[in-house]
Number of protein chains: 2
Amino acid sequence: MLLLKKYRMADPYFPKKEIRNILRDYKNILEGNGLLSMGKNVINFEKEFTKYIGCKFSNVTASCTGALELTLKALNISYNDEVIVPCQTFFATASAVIRNNAIPVFCNVDKNFSIDFQNLKSLVTRKTKAIIVVHFAGLIQENIFEIKEFCVRNNLFLIEDCAHALGSSINNIKAGNIGDAGCFSFYSTKNLTTGEGGMITSNSHRFSNFVRSLKLRGIKINSSKEIFVNIGTNQRLTEFQAILGLYQLKRVQSIIKKRNILAKRYDFNFRKIKILELLDSNIKYNNINSYWRYILRFKKKINRNFLKKSLKIYGIDIDWPYFPLLHKQPILKKFYKKNYLNTSELYASKFICLPMHNNLSLQDIDFISKKLIYILNKNY
Amino acid sequence: MLLLKKYRMADPYFPKKEIRNILRDYKNILEGNGLLSMGKNVINFEKEFTKYIGCKFSNVTASCTGALELTLKALNISYNDEVIVPCQTFFATASAVIRNNAIPVFCNVDKNFSIDFQNLKSLVTRKTKAIIVVHFAGLIQENIFEIKEFCVRNNLFLIEDCAHALGSSINNIKAGNIGDAGCFSFYSTKNLTTGEGGMITSNSHRFSNFVRSLKLRGIKINSSKEIFVNIGTNQRLTEFQAILGLYQLKRVQSIIKKRNILAKRYDFNFRKIKILELLDSNIKYNNINSYWRYILRFKKKINRNFLKKSLKIYGIDIDWPYFPLLHKQPILKKFYKKNYLNTSELYASKFICLPMHNNLSLQDIDFISKKLIYILNKNY
């Protein structure tokens, strides 16, 4: 029996030489020549990450969910404060708000799945304390600096949810270095992975110190005694995970480059397919997309489940995050009172994501494209 | 120059053969033949842990702090509820209560550093919802079943903070299988370590499912879609960590046995030292102490910092967790209103812990004992 090649949505990849180095470091720790947690590798990972992003401070966390929760707490988001979030994002963007006893306010997304600035402006009230933008699938929205200006003018915190956007930049400024804080994810499907893990970037010494205290349960930092001055939690990462992160960070530029090459090939393959609409191209402005996902938009609604089943026959996975949208999630419904997210619902119903990871070759991209085009031509 | 041997308080230890097996498993994962997170090893770790404790359900978490936070939430502890905790325990026992918007009520400890049942009874009000007992240093208090009965009678949840007590038992019932839930720590100083990590044990299917949802951000479990029905967080453990846990679990009985042999030797060495008072002996009742720490009590107050400095000369570490006691921590002070914890303060001022881990030999124990006795004889 011939084994079908699988084209997954994501697939973490470590080169042979890197695996040898990682295992050598792990062996050292297991033999007692290094700590399992709270050692030098976490410190180095934070230092190197800071350099890469070009910001001033980085605090590693146990997950991006944890990063978002701590960031909001460190910005003093609390009871009855409102935080505006796009309605098309992962659940954690909103749950982090509620975990801080605050209220998530759902905002429309535009056709690139970035937060809709016009809608955003209309949602600001006296209770609004912060805005979370999501660099969806890796794309930083063109008007991000206008949003930033708006936030400064209105005394609102701007938080970047960079879960998709490690390696993205705009005008040579990296995702995570634009707002008051950036929250990254190193979950196993991400461009850089530590299995589970996250990072909080910022340029404020005070904020960073607050985060550092909170991730160590609220400890008084820089004290030799175990004195607690805040109510925090444990958001630490093990040394094993930090080592993984450190090695990948060394080759992160080549990871992003490869993703861009694959994405351009998809773009090229689909350029003439009438039912499809490509995402606003990178060259429109000085933007590097990390391409955590490759998005294809359809000009009309199509049966995505049929498409999924049809492609599965060839071993090809597709998906369409995030379904349902936040305001349709059972536990979040109550926060959505007026009926204004219809455009987002429409956009969200007309796109799919194709496999995108460093184990794919241009031949793989061509194979996936060919099969998809074949099915589309036959059915639409 | 002769390098002085170091006698640390704790020291994680992995046998050579185990390291080989761990690294083989890690290599497999890194080469793509296994998941980095949410894979079979976490499931197996939970399964084997359940078997070992003898309970019905186990849910792995990212830390014991996380385990305590989720446990309280899954028991619906919320605004203005009171939870009674011993005043001598790690900060997280109380911070987990506050993280759930509830109020920690500090209780005295007895001379074995277990929660004081008489004081506990006097602290129960109409707002009290739960009691957290800490099996301090590994000792399960003799009257734990009386406390359990009291909780049942008064409709209070009994939570076991088992951070110290993996492998402890009483009447052949293991720590974590007595109350409504047990919370374990796998931090790197613990009897079994995953670097960072924790576990929640229970015998309630409903509670366990609630915990499982909460650790996956509130997801609807057993659904194929990403539907969220609770507000939870991310408390997952990586596969790397689960593998560490699984291998140690296979030899956990020998780990506990070794600790007991070392502790008995300490007991023997100190039996005739007049200023010292040994902890209530294990043979007094049908109890196995995990001996996370070996505790020495003094009959009078002594200068512990002097003792610490004097022993450091010989490479010997000592400490006295937890200092300050909870009600003296800056951020917790406000929860302590009446002045009733003086006996705990006195007990807490008259003890030290000696090095205790699997890298120590009986010769090491004798060396440490000899040096301590020498200093005590000379000064007291």
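Reader: Which residues of α3(B) are buried in this model?

Author: In this predicted model, α3(B) is mostly covered, with 11 of its 11 residues buried. A residue counts as buried if 20 or more other C-beta atoms lie within 10 Å of its own. The buried residues of α3(B) are Cys64(B), Thr65(B), Gly66(B), Ala67(B), Leu68(B), Glu69(B), Leu70(B), Thr71(B), Leu72(B), Lys73(B) and Ala74(B).

Reader: Which residue with a positive phi follows α3(B)?

Author: The helix α3 of chain B spans residues 64-74. The residue with positive phi that follows α3(B) has a value near 65 degrees, and that residue is Asn76(B).

Reader: Is Lys333(B) buried or exposed?

Author: Lys333(B) is placed in the loop between α10 (304-312) and α11 (342-348) of chain B. Leaving aside neighbours within four places in sequence, Lys333(B) is in contact with His327(B) and Lys328(B). A residue with 12 or fewer other C-beta atoms within 10 Å counts as exposed. Lys333(B) has 12 such atoms within 10 Å, and it is therefore exposed.

Reader: Why is strand β3 of chain B described as largely enclosed by the rest of the structure?

Author: Strand β3 of chain B covers residues 103-107. The strand is largely enclosed because, of its five residues, the number buried is four.

Reader: Which residue of β3(B) stands opposite Val83(B)?

Author: Strand β2 (residues 82-86) of chain B is joined to β3(B) by five bridges. These two strands run parallel. Within this pair, the residue opposite Val83(B) is Pro104(B).

Reader: Which residues have the most contacts inside the largest nonpolar core?

Author: In soluble globular proteins, nonpolar side chains tend to be buried together. The largest nonpolar core here has 222 residues. One of its members, Ala130(B), touches Leu72(B), Leu75(B), Ile77(B), Val83(B), Leu156(B), Phe157(B) and Ile159(B), not counting residues up to four places away in sequence. The residues with the most contacts inside the core are Val83(A), Ala130(A), Cys183(A), Val83(B), Ala130(B) and Cys183(B).

Reader: Which strands stand at the edges of the open sheet β10-β12-β13 in chain A?

Author: Three strands of chain A form this sheet, in the order β10-β12-β13, and their pairing is antiparallel. Each edge strand has a single partner strand, so one side of each is left without a neighbour in the sheet; these strands are β10 (276-277) and β13 (351-354).

Reader: What is the bridge partner of Leu296(A) in β13(A)?

Author: Strand β12 (residues 294-298) of chain A is joined to β13(A) by four bridges. The two strands run antiparallel. In β13(A), the bridge partner of Leu296(A) is Ile352(A).

Reader: What is the bridge partner of Leu276(B) in β12(B)?

Author: In chain B, strand β10 (residues 276-277) and strand β12 (residues 294-298) pair in the antiparallel sense over two bridges. β12(B) is also joined to strand β13 (residues 351-354) of chain B, by four antiparallel bridges, and Leu296(B) there stands opposite Ile352(B). In the pairing of β10 with β12, the partner of Leu276(B) is Phe298(B).

Reader: Which strand supplies the largest share of the side of domain 1 of chain A that touches domain 2 of chain A?

Author: Chain A is divided into domain 1 (16-250) and domain 2 (252-379), and their C-alpha centres lie 25 Å apart. The contact takes 33 residues from domain 1 of chain A and 28 residues from domain 2 of chain A. On the side of domain 1, at least two residues each come from α4 (91-99), β3 (103-107), β6 (169-170) and α8 (239-250) of chain A. The largest share, three residues, comes from β3(A).

Reader: Which helix supplies the largest share of the side of chain B that touches chain A?

Author: The contact takes 44 residues from chain B and 44 residues from chain A. On the side of chain B, α1 (16-30), α3 (64-74), α4 (91-99) and α8 (239-250) each supply at least two residues. The largest share, six residues, comes from α1(B).

Reader: Which residue of chain B comes closest to the rotation axis?

Author: A rotation of 180 degrees with 0.0 Å of shift along its axis superposes chain B on chain A, with an RMSD of 0.0 Å. That is the relation of a two-fold axis. In addition, 100% of the interface residues of chain B are also interface residues in chain A, so the copies meet through the same surface. The residue of chain B that comes closest to the axis, at 3.3 Å (C-alpha), is Leu23(B).

Terms used
Residues are numbered from 1 along each chain as its sequence is written. Chains are lettered from A and ligands numbered from 1 in the order in which they are written. This is a predicted model: local features need pLDDT of at least 70, side-chain atom pairs count only at pLDDT 80 or more; totals for chains, interfaces and linings use all residues. Two strands pair if DSSP finds at least two bridges between them. Two residues are in contact if their C-beta atoms, placed from the backbone, lie within 7 Å. Domain bounds come from an automatic or database domain assignment. A nonpolar core is a set of buried Ala, Val, Leu, Ile, Met, Phe, Trp, Tyr and Cys residues joined through C-beta atoms within 7 Å. Copies are superposed by least squares on the C-alpha atoms of residues with pLDDT of at least 70 in both.
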